[in-house]
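The report below goes through a single protein chain, beginning with one pair of strands and moving outward to the sheet, the core and the chain as a whole. Please keep the sequence and the model in view while reading.

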Amino acid sequence: MNSESIGFLQVIAKTANGALPVENAQINIYEYTPSSEGGERGRIIYTLYTDQDGRAPKVALNTKNKELSLTPGNENPFSVYNIEASREGFYSNSYINVPIFQGITAIQPVELIPLIEYASQVDDFPSSTRRFVETPNTAL
């Protein structure tokens, strides 16, 4: 890796709307590969596991040189990566096109939601039970 074009990433896994850390969550970091079919993750670069605080180790990733941002019309001055977080007993979650800038540590929070009883990690994500319904009663 060229020291002139390195950025950093740290992933933090939580549950309960960010209130509780998720220990031993598997974090896969993939090189972004655009695909006309969609869903392609690209080549895996790192497989990491979170500690008791839900933090995966900080990793160095190749990125584009920040000098690209100094000239109008240049391509984006960052590179993008895909992240997949999973742990037994939780729904898996993916984060697509996470930007990494040269010399910057990106902190990526990931939310893992516990499986409902008798569900598996490949089942559909549960729909929200919260409903915000407008009422025609103007007296409310």
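Strand β6 (residues 78-86) and β7 pair in the antiparallel sense over seven bridges, where two strands count as paired if DSSP finds at least two bridges between them, and Y81 of this pairing stands opposite V98 in β7. Helices (H or I, at least four residues) and strands (E, at least two) are DSSP runs, numbered from the N terminus. This is a predicted model, in which local features need pLDDT of at least 70 and side-chain atom pairs count only at pLDDT 80 or more, while totals for chains, interfaces and linings use all residues. Residues are numbered from 1 along each chain as its sequence is written, and side-chain values use heavy atoms, with hydrogens and water left out.

The pair belongs to an open sheet of four strands in the order β4-β3-β6-β7, with antiparallel pairing. Its edge strands, each pairing on one side only, are β4 (44-49) and β7 (93-101). From one strand to the next the twist averages 25 degrees, the axes being lines fitted to C-alpha atoms and the angles running from 0 to 180 degrees between N-to-C directions.

Two antiparallel pairings can be set side by side.

| Strands | Bridges | Opposite residues |
|---|---|---|
| β6 and β7 | seven | Y81 and V98 |
| β1 and β5 | four | L9 and V59 |

In a regular strand the side chains alternate between the two faces of the sheet. Along β5, V59 and L61 point to one face and are buried, whereas A60 and N62 point to the other and are not; buried means under 20% relative accessible area, exposed over 50%, and partly exposed in between, with a 1.4 Å probe and protein chains only.

The largest nonpolar core, a set of buried Ala, Val, Leu, Ile, Met, Phe, Trp, Tyr and Cys residues joined through side-chain atoms within 4.5 Å, has 21 residues, of which L9, I27 and I29 touch the most other members. At least two residues of this core come from each of β1 (6-15), β3 (26-31), β5 (59-62), β6, β7 and β8 (105-111). Leaving aside neighbours within four places in sequence, I27 is in contact (heavy atoms within 4.5 Å) with residues including V11, Y46, L48, I83 and V110.

Taken whole, the protein chain has zero helices and eight strands, and buried residues make up 29% of its 140 residues.
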